[in-house]
Amino acid sequence: MNPSSCRLIVLLSGQGSNLQAIIDRINQGELAATICCVISDKKDAYGLTRAQQHGIPGQIIETSPGETRIDYDQRLASLIDDFQPDWIILAGFMRILSTGFVERYQGRLINIHPSLLPKYKGLNTHQRVLDAGETEHGASVHIVTPELDDGPVISQEKITIHPDDNAESLKQRIHRVEHQLFPASIKLLCSGRISYNKPALAIDDSDITTPLTLSHLAELV
Ligand code: GRF
């Protein structure tokens, strides 16, 4: 893949601070990619405003009353396919995706999750990490597979939990990590060096058995 032609679609439901981090890296010339469209399932998602501020097309696909998950995902896929993206980036998209949708984009659907996967899949990761008395927390970028937050992890960065941390402080600290980790991981994906041949994830021709850290990513791209 020619990095300068790397086409991204970003799906989100909320604030879009990760979208902003990706936009910033593109605008700084550090990430050679184009965000073709930002799609939200929530019409009031602030991420749509961020897209608009940067001249990126935004689309809202809300659930219709009585609509099945499969029908919603079909509408979503039809829109995505219009843009022919290389990568579909989930940046706080708060919907569970159907197996058919995930399989349609197998290996091209990427998510960021606020925990050190495989630990703490699902919601409320910061409070759950505190409740469990963990000393470390972090963020992970992974390939999406049909099981929630279960796909192979491309990259991961840890933080140490401080005695005075609470769920809100962890959320903010993890966000700062995500804003580094996600663009750097997308840059690697856009380099064309990552391949996913279920279940193996590889860089060049070597299997990734341990998630790449921010410092690995800085050396690679
Ligand atoms: C991030 O913490 C991400 O890990 C999770 O959803 C949150 C999205 O935050 N999947 P934002 O909308 O990018 O600010």
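1. Helices and strands are here DSSP runs numbered from the N terminus, a helix having at least four residues and a strand at least two. On that basis, P118 lies in the loop between β5 and α5, the latter spanning residues 125-131. The structure under discussion is a predicted model, and the points below should be read accordingly.

2. Backbone geometry in the loop between β5 and α5. The peptide bond leading from L117 into P118 is cis, with omega near 10°. N124 belongs to the loop between β5 and α5 as well. Although N124 is not a glycine, its phi is positive, at about 55°.

3. A further cis peptide bond. K198 and P199 are joined by a cis peptide bond whose omega is about 0°. P199 is placed in the loop that runs between β8 (194-197) and β9 (200-203).

4. Location of the ligand. The ligand occupies the space of the largest pocket. Around the ligand are Q15, G16, S17, N18, G92, I112, H113, P114, H175 and E178. Three elements, α1 (17-27), β5 (109-113) and α6 (167-190), each contribute at least two residues to this shell. In character, the shell comprises seven polar residues, two nonpolar residues and one charged residue.

5. Polar contacts of the ligand. Two side chains may be cited here. An N or O atom in the side chain of E178 is 2.4 Å from an oxygen atom of the ligand, and for the side chain of S17 the corresponding distance to a ligand oxygen atom is 2.5 Å. The backbone also takes part: an N or O atom of the I112 main chain lies 2.9 Å from a nitrogen atom of the ligand. As to burial, the ligand taken alone exposes 370 Å², of which the protein buries 84%.

6. Disulfide. The count of disulfides comes to one. The bond joins C6 to C190, with an S to S distance of 2.1 Å. The link of C6 and C190 is left-handed, with -65° about the S-S bond. Because C6 lies in strand β1 (residues 6-12) and C190 in helix α6, the pair ties together parts that are 184 residues apart in sequence.

7. Which elements deserve joint inspection with the ligand and the disulfide? Helix α6 (167-190) supplies at least two residues of the ligand shell, and C190 of the disulfide lies in helix α6. Strand β5 (109-113) likewise supplies at least two residues of that shell, and the loop between β5 and α5 holds P118.

Conventions
Residues are numbered from 1 along each chain as its sequence is written. This is a predicted model: local features need pLDDT of at least 70, side-chain atom pairs count only at pLDDT 80 or more; totals for chains, interfaces and linings use all residues. Side-chain values use heavy atoms; hydrogens and water are left out. A residue is near a molecule or strand if one of its heavy atoms lies within 4 Å of it. A polar contact is a pair of N or O atoms within 3.5 Å; within protein, one must be able to donate a hydrogen and the other to accept it, and residues adjacent in sequence count only if both atoms are side-chain atoms. Accessible areas come from the Shrake-Rupley method with a 1.4 Å probe; for residues, only the protein chains shown count as cover. On a 1 Å grid over the protein atoms alone, a cavity is a set of points where a 1.4 Å probe fits but cannot get out, and a pocket is an open set with protein on both sides within 12 Å along at least five of seven lines; lining residues have an atom within 4 Å of a point. A molecule sits in a cavity or pocket if more than half of its atoms lie within 2 Å of its grid points. Ala, Val, Leu, Ile, Met, Phe, Trp, Tyr, Cys and Pro count as nonpolar, Asp, Glu, Lys and Arg as charged, and the others, Gly among them, as polar. A disulfide is a pair of cysteine sulfur atoms within 2.5 Å.
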